[in-house]
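Let's take a walk through this protein together, starting from the outside and working inwards. Please have the viewer open as you read.

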Amino acid sequence: MAYRSDLLRLLDERGYLHQLTDAAGLDALASRDVVPAYIGFDPTAPSLHVGSMVQIMLLRRLQQTGHKPIVLMGGGTGKVGDPSFKDEARKLANDDTIAANIASMKTVFAQFLTFGEGPSDAVMLDNAEWLDRLEYIPFLRDVGQHFSVNRMLSFDSVKLRLDREQSLSFLEFNYMILQAYDFLELSRRTGCRLQLGGSDQWGNIVNGIELARRMDATEVFGVTTPLITTADGGKMGKTMAGAVWLNEDQLSSYDYWQFWRNTDDRDVGRFLRLFTDVPLDEIARLEALGGAEINAAKVVLANEATAMCRGEDAALAAAETARRTFEEGGTGAALPTHTADVDSIAIVDALLLLGLAASKGEARRKLSEGAVKVNDVPAHDGQTLSLGDGGALKVSLGKKRHALLKRV
């Protein structure tokens, strides 16, 4: 459909829309009012990773079109764990770990959103504020009566676990009720009218909408984004070396820049629309580039995405390091640096330490293919690297992945 509101038109043009509970109703609301909208983030690690970038950018798009983003930290739900499309239960974190993870995760949102007291300024809340205070029997009586177990069992996120005969604890089964209650509580506290999330959250979002209608007769809405995969079918944000973390202390800005620079040719236009503020007409020009010229579009993507998350200086430094490393053969001070408390290390172990290989078998295979270099000299299996002189060694896998290794 053709949207009238700036919000849905922008989300549609840039490829964020997958499911909407009432497209016409939300479009009308967003055309006339400031819409407070929320996305929840559970603190399962000290940093979010690139897989959360679509949701963060959704909040940014909200604010860009005059609406109010609500960042909901899952200090309460994080104690349970979202079972949606998981093969097994998450390890339960204690209160101190959850608090530390929330404090660490908070820093990244200030890069993407403007926080304050204005109508469209972002706010950050923690659902532990209300979930930790719930009394079990009153909650079961007042909220639990509105949930059908038969219907909850029909959601794909639950059926997946049951069909595989994998355990789904009662604790996890309650997660969808708690998330629905979050929407109700935010509606009451902040006037929140919209929940956004990935397609795996559809069932949870619908539950919240129905709960608000049943308990408060309030009309609220839901929007989900499509599952973002790479052109080769891989999961967005997963690499051979592991997750692509958003926090600087979890992943260097150079490695973050390189992740975007290494985007598949087929994904460049889509990723520019989703993960940058580059105007659509410029994106159309960049994605039309052919042959080696598409690399210029990848550099724009890397520069823009890194500047947004890590700042302009970090993006410029990463781009300059990449230029020096690839064009001049230099080591580049901004390359990711790892230390080892030994005077020497086997090349296979070095590749594992640097995250350039996921296993010794893979490391040996890359060595046999001639894909590994140390200080730009081909390396071989069985080689030992000396770290005793205090200098740094540049270890390279192919033409695009480099890291420095030195003695502690």
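The protein exposes about 18,600 Å², and 50% of that area is supplied by carbon and sulfur atoms. Keep in mind as we go that this is a predicted model. Of the 408 residues in the protein, 49% are buried. The chain forms 18 helices and 15 strands. If you look at the contacts with a separation of 6 or more, 74% of them are between residues 24 or more positions apart.

Let's begin on the surface. Y136, I137, L140 and F170 form a nonpolar patch there, with about 450 Å² of accessible area together. Which element gives the patch its largest share? That is helix α6, residues 136–142, which contributes three residues. F170 is found in helix α9, which spans residues 170–173. F170 counts as exposed because its relative accessibility is 55%, and the cut-off for that label is over 50%.

Now turn to the sheet. Six strands make up an open sheet with mixed pairing, in the order β1-β6-β5-β2-β3-β4. At its edges stand β1 (19–20) and β4 (123–126); each has a single partner strand, so one side of each is left without a neighbour in the sheet. As a reminder, strands of a sheet pair through backbone hydrogen bonds, either parallel or antiparallel.

A good pair to inspect is β2 (residues 36–41) and β3 (residues 68–73), which run parallel and are joined by six bridges. Two of the bridge partners are easy to pick out: G40 is matched with L72 in β3, and F41 is matched with M73 in β3. Helix α3 (residues 53–64) packs on this sheet, where it touches β2, β3, β5 (194–198) and β6 (221–225). The direction of α3 makes about 165 degrees with that of β2.

How many residues of β3 are buried? Six of the six are, so β3 is largely enclosed by the rest of the structure. The side chains can be sorted by direction: K68, I70 and L72 point one way from β3, while P69, V71 and M73 point the other way, and all are buried. Note that this list of buried residues includes a lysine, K68.

Elsewhere on the sheet, helix α11 (residues 202–216) lies across β1, β5 and β6. The direction of α11 runs at about 175 degrees to β6. Between α11 and β6 comes a loop, and two of its residues, A217 and V220, deserve a closer look.

Is A217 buried or exposed? With 69% relative accessibility, A217 counts as exposed. A217 also has a positive phi of about 55 degrees, although it is not a glycine. For context, most residues other than glycine have a negative phi.

V220 offers a contrast in accessibility: its value is 4%, and V220 therefore counts as buried, the limit being under 20%. Which residues is V220 in contact with, once its neighbours within four places in sequence are left aside? They are F183, S187, C192, R193, I209 and A212. One of these, C192, is 28 residues away from V220 in sequence, yet the two are 7.8 Å apart in space, C-alpha to C-alpha.

How values were computed. Residues numbered from 1 in each chain as written. Predicted model: local features only at pLDDT ≥ 70, side-chain atom pairs only at ≥ 80, totals over all residues. Heavy atoms only, no water. Helix = DSSP H or I, 4+ residues; strand = E, 2+ residues; numbered from the N terminus. Buried < 20%, exposed > 50% of the residue type's maximum accessible area, 1.4 Å probe, protein only. Contact = heavy atoms within 4.5 Å. Areas by Shrake-Rupley, 256 points an atom, 1.4 Å probe, with all protein chains shown as cover. Patch = residues over 30% accessible without salt bridge, like charges linked within 9 Å, V, L, I, M, F, W, Y side chains within 5 Å. Salt bridge = Lys/Arg side-chain N within 4 Å of Asp/Glu carboxyl O. Pairing = 2+ DSSP bridges. Axes fitted to C-alpha atoms, helices over the stretch in contact; angles between N-to-C directions.
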